[in-house]
Every structure is written in structure tokens, then in C-alpha cells.
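I opened a new model today and wanted to get my bearings. These are my notes, in the order I looked things up.

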Amino acid sequence: MKKIEAIIKPFKLDDVREALADISITGMTVTEVKGFGRQKGHTELYRGAEYMVDFLPKVKLDIVVTDDQVERCVEAIMKTAQTGRIGDGKIFVFDVERVVRIRTGEEDEDAI
């Protein structure tokens, strides 16, 4: 099992969710986050004053999938979230040692 953590632009969330649903991946956790990489932030005007916005709004998806679903999942996220502009995000893939569904006690792939 693998955990896929994807950081994407917020306006791409619905498209990515639909793309994942199309490949039968329906369970995920979505968190609103802020951060920056090469994009670094930008300057905005507010009530006539200019200020630096260092952390940009992003959305983090946490998805746990079976090993055979990893490549399709990563490809779906990349294809859907990509705009070709700086700040499109990142995808991280981690090993998952154990999963337990609290309600039933099911474990590992049965619990996904």
C-alpha cells in the first residue's frame, strides 16, 4: 500500500477529484494549506498599501491506495492538476505499513 500526498492549486480540486473517481479512487482527505516553493509568493495591494504574500493557498490531498493503483493515481493527478505554470504543486508517494478501519477492525487493503 502507498500513501499519495499531492499539493495542488485550489481551483484544480474538483477536476482532480473527478479524475480520481473515474479510475475508482473515491477516498481521500483534503486539507487547505499554505506554502511556497519556487513560486515564492507575490505582492498585493490592500487599501492602498502594498504587502508581500509569502505563503500561497494550496490544497493537500492524502490518498491511500493499493500498490497496483499508484501509477494510475499519480498520472491522473498530474494530467488534471497541471497548468504548465509555476506553482502547479508536487506529488509525494510513501510506503504505508498498516491501515485499520476503526469501525470494523478491517486491516490493510480491506480497510482502504
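The entries below go from the overall layout to the core, the helix pair and two backbone oddities.

**Layout.** I'm working with a predicted model here. I counted elements before anything else and got two helices and six strands. Reading from the N terminus, I wrote the order down as β-α-β-β-β-β-α-β. The protein has 112 residues, and 31% of them count as buried. I also checked how far apart in sequence the contacts reach. Of the contacts with a separation of 6 or more, 70% are between residues 24 or more positions apart. For the surface I noted about 7,900 Å² exposed, with carbon and sulfur atoms supplying 48% of it.

**Core.** Next I went looking for the largest nonpolar core, which turns out to have 17 residues. I4, I8, L20, I63 and I77 have the most contacts inside it. I then asked which elements feed this core, and found at least two residues each from β1 (2-8), α1 (13-22), β5 (56-65) and α2 (70-81). The largest share is from α2, with six residues. As a general reminder to myself, nonpolar side chains tend to be buried together in soluble globular proteins.

I picked I77 for a closer look. Leaving out residues up to four places away in sequence, I77 touches I4, A6, I8, V16, L20, I63, Q82 and I91.

**Helix pair.** How do α1 and α2 meet? Their axes come within 9 Å and cross at roughly 145 degrees. I logged the crossing as right-handed. On the α1 side I listed D15, V16, A19 and L20, and on the α2 side C73, A76, I77, T80 and A81. Sorting these contact residues, I got seven nonpolar, one polar and one charged. I77 and L20 thus turn up again, having already been on my list for the core.

**Backbone oddities.** Most residues other than glycine have a negative phi, so I looked for exceptions. S24 has a positive phi of about 70 degrees and is not a glycine. I found S24 in the loop between α1 and β2 (29-35). Is S24 buried or exposed? S24 counts as exposed because its relative accessibility is 59%, and the cut-off for exposed is over 50%.

D108 is another non-glycine with a positive phi, about 55 degrees this time. D108 lies in the segment after β6 (89-95). Its relative accessible area is 30%, so I put D108 down as partly exposed.

Key:
Residues numbered from 1 in each chain as written. Predicted model: local features only at pLDDT ≥ 70, side-chain atom pairs only at ≥ 80, totals over all residues. Heavy atoms only, no water. Core = buried A, V, L, I, M, F, W, Y, C linked by side-chain atoms within 4.5 Å. Buried < 20%, exposed > 50% of the residue type's maximum accessible area, 1.4 Å probe, protein only. Helix = DSSP H or I, 4+ residues; strand = E, 2+ residues; numbered from the N terminus. Contact = heavy atoms within 4.5 Å. Axes fitted to C-alpha atoms, helices over the stretch in contact; angles between N-to-C directions. Left-handed = near helix turned anticlockwise from the far one by under 90°. Nonpolar A, V, L, I, M, F, W, Y, C, P; charged D, E, K, R; others polar. Areas by Shrake-Rupley, 256 points an atom, 1.4 Å probe, with all protein chains shown as cover.
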